[in-house]
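Student: Hi, could we go through this one together? I have a handful of quick questions.

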Amino acid sequence: SPDGRWLAAGGWGGREVKIWATDSGQRVQTITNLASPYACFSPDGQWLGVSDENDYIVCKTGSWEPVRRIRHDSGATIGFCPATGALAVRETMTAVRLMDPKTGETLAVLEPPGMEHVSNLFFSPDGARLAAMRTGAHDVLLWDIRAIRTELKRMKLDWPGPALPPAPAPQFRGTNFILDT
């Protein structure tokens, strides 16, 4: 977890997610009946997201009680935006849904071009970009979440919740030139 209190682990071929208290090393919870689970904490530490081959499960940290279970048939990938706490899940083989983990409300559905399967989701540290690997296409899609939200805000369609931090000021990093003499 972001505060270092909890450790959660699951993995490919496994059947459970185990959760430990890091101060004592004691296992505090086991979530069972899963198929190749993956677990990640929200950036504020309030939620544990668990994905497996059949479901996305959002659990309240500490009680470990599931507050939301979302069935899917697309194989699982899941991640939290570090800046806003929005949860990204693969909704179908080719689409990504951003949602509020507390309410389950859909914030946006991102549909990439083509029909290649989205496999893994990763946010940039500032939450401004979401990368999605597409194994069949051998590429990575990069959504500019800041630009998407700016355009939605202009149209009065932006979702509620925290805004992304401002973009950093551009910095000149210099350029190396090689001159042939």
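Tutor: Happy to. One definition to begin: a charge sits over a ring if NZ of Lys or CZ of Arg is within 6 Å of the ring centre and within 35 degrees of the ring normal.
Tutor: Also, this is a predicted model, where local features need pLDDT of at least 70 and side-chain atom pairs count only at pLDDT 80 or more, while totals for chains, interfaces and linings use all residues. Residues are numbered from 1 along each chain as its sequence is written, and side-chain values use heavy atoms, with hydrogens and water left out.

Student: Okay, so which ring does the charged end of Lys60 sit over?
Tutor: That of Trp47, at 4.9 Å from the ring centre.

Student: And how many aromatic pairs does the structure hold?
Tutor: Two. Rings of Phe, Tyr and Trp (its six-membered ring) pair if their centres lie within 6.5 Å; planes under 30 degrees apart count as stacked, over 60 as edge-to-face and the rest as tilted. Trp6 and Trp64 make an edge-to-face pair, 5.1 Å centre to centre with 90° between the planes.

Student: Where in the chain are those two?
Tutor: Trp6 is in strand 1 (residues 6-9) and Trp64 in the loop between strand 6 (55-60) and strand 7 (66-71), so the pair links distant parts of the chain, 58 residues apart. Helices (H or I, at least four residues) and strands (E, at least two) are DSSP runs, numbered from the N terminus.

Student: Are Trp6 and Trp64 buried or exposed?
Tutor: Both are buried, meaning under 20% relative accessible area; exposed is over 50% and partly exposed in between (1.4 Å probe, protein chains only).

Student: Why is the pair of Phe41 and Trp64 edge-to-face?
Tutor: Because their ring planes are at 70°, with the centres 6.4 Å apart. Phe41 lies in strand 4 (residues 38-41), 23 residues from Trp64. Trp6, Phe41 and Trp64 form one aromatic cluster.

Student: Switching to helix 1: which residues are buried?
Tutor: In helix 1 (residues 145-154), the buried ones are Ile145, Arg146, Arg149 and Leu152. They sit on the same side of helix 1, because they cover an arc of only 130° around the axis; that arc is taken from the directions from the helix axis to the C-beta atoms.

Student: What covers them?
Tutor: The cover includes strand 10 (95-99), strand 11 (106-110), strand 13 (129-134) and strand 14 (139-144). The face turned away from the buried side carries the exposed residues Thr150 and Arg154.

Student: What about just after helix 1?
Tutor: Lys156 takes a positive phi of about 60° there.

Student: What other positive phi values should I look at in the loop between strand 3 and strand 4?
Tutor: Asn33 is in that loop, and its phi is near 60°. Ser36 is there too, with a positive phi of about 50° although it is not a glycine. Asn33 counts as exposed at 69% relative accessibility, whereas Ser36 counts as buried at 15%.

Student: Last one: what is Ala86 in contact with?
Tutor: Leaving aside neighbours within four places in sequence, Ala86 is in contact with Gly79, Phe80, Cys81, Met99, Pro101, Leu107 and Phe123, where contact means heavy atoms within 4.5 Å. Ala86 is in the loop between strand 8 (78-80) and strand 9 (87-92), and is buried with a relative accessible area of 8%.
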